[in-house]
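Q: I'm new to this model and would like a guided look at one part of it. Could you start with the overall picture and then go in closely?

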Amino acid sequence: MTAAGFTTSACAGLARQIDALVAGFPAVAAEVSVPDLLDDMGMLNNHLNHIAERMRESFNEPDKVGLAERTVLAGVAEAAEQIADAQRHLTSALAHVTSGFRKELMLHTHPHLLNDPALARTIAAEKYAEAGERLSKASRWLDSTARVGQRPSTAPPRVRASRAVSTIPARRR
């Protein structure tokens, strides 16, 4: 089944890629690094661009997009929203790790924390965790979208329950 630019296998594949990305997120503050953070942000950006390109293809002729395809596209759009939200969390993590403005703010409110890079990494690790939650939601949307796309368009015939028929021959009198 194709939702113009999306196939069910493409949705499932994107879900697997997102799961793999989340699995590589740092688990503790000491593992947070700016280069890895930038790589993760770039990967999310690539996923969003891919989704946008496929959506554009899908809506070149919107009158030809059927109900099943619209269902797939709606699921992909929900996943894109979660990916974008995760991207915002990682951008915030980057700001915490690199921004001198935060240090200036902390100088006024918590001067003892001004030169504490561990605090910045702790905040970034928390942002990674929040981004991971959003990406897990996106993955679930994509997985459920892939499952919807695999369902037959018509319901299979119902098997009627029949009375139990014994395989033992009846006794003749």
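Among contacts in the protein between residues at least 6 apart in sequence, what percentage join residues at least 24 apart? After that, please take a close look at helix α2 (residues 34-58) and how α2 meets α3.

A: Welcome! One thing to keep in mind from the start is that this is a predicted model. The figure you ask for is 84%: that share of the contacts between residues at least 6 apart in sequence joins residues at least 24 apart. The protein is built from five helices and two strands. Starting at the N terminus, the strands come before the helices, in the order β-β-α-α-α-α-α. The protein has 173 residues, and 35% of them count as buried.

Now to α2 itself, which spans residues 34-58. Two packed helices are described by the angle between their axes and the distance between the axes. With α3 as partner, the axes come within 10 Å and cross at roughly 155°. An angle over 145 degrees counts as roughly antiparallel, so α2 is roughly antiparallel to α3. The crossing of these two helices is left-handed. Sorted by class, the residues in the contact of α2 with α3 are 19 nonpolar, five polar and one charged.

Helix α1 (residues 8-23) packs with α2 too, at an angle of about 165° and with the axes 11 Å apart. That angle makes α1 roughly antiparallel to α2. Here again the crossing is left-handed. You can find this contact in the structure by looking for Leu-14, Gln-17, Ile-18 and Leu-21 on the α1 side. Across from them, α2 brings Asp-40, Met-43, Leu-44, His-47 and Ile-51. By class, the contact of α1 with α2 has six nonpolar, two polar and one charged residues.

Ile-18, one of the α1 residues that meet α2, also leads us to another helix. Ser-139, in helix α5 (residues 117-150), touches Ile-18 along with Ala-15 and Asp-19, leaving aside residues up to four places away in sequence. Is Ser-139 buried or exposed? Its relative accessibility is 3%, so Ser-139 counts as buried.

Let's turn to charged pairs next. Side chains of opposite charge can pair when their charged atoms come close. The structure holds six salt bridges, and Glu-53, Arg-54 and Glu-57 are linked in a network of them. Within that network, Glu-53 pairs with Arg-54, and their closest N and O atoms are 3.8 Å apart. The two partners fall into separate accessibility classes: Glu-53 is partly exposed at 38% relative accessibility, whereas Arg-54 has a relative accessible area of 17% and is buried. The cut-off for buried is under 20%.

Two further pairs are worth finding on your screen. Glu-61 and Lys-64 join their side chains in a salt bridge, at 2.8 Å from N to O. Of this pair, Glu-61 is partly exposed, with a relative accessible area of 44%, while Lys-64 counts as exposed at 62%. The other pair takes us back to α2's partner: Asp-85 and Arg-88 both lie in helix α3 (residues 67-98). They sit three residues apart, about one turn of the helix, and form a salt bridge whose closest N and O atoms are 3.3 Å apart.

Definitions and conventions:
Residues numbered from 1 in each chain as written. Predicted model: local features only at pLDDT ≥ 70, side-chain atom pairs only at ≥ 80, totals over all residues. Heavy atoms only, no water. Salt bridge = Lys/Arg side-chain N within 4 Å of Asp/Glu carboxyl O. Buried < 20%, exposed > 50% of the residue type's maximum accessible area, 1.4 Å probe, protein only. Helix = DSSP H or I, 4+ residues; strand = E, 2+ residues; numbered from the N terminus. Axes fitted to C-alpha atoms, helices over the stretch in contact; angles between N-to-C directions. Parallel < 35°, antiparallel > 145°, perpendicular 65-115°, else oblique. Left-handed = near helix turned anticlockwise from the far one by under 90°. Nonpolar A, V, L, I, M, F, W, Y, C, P; charged D, E, K, R; others polar. Contact = heavy atoms within 4.5 Å.
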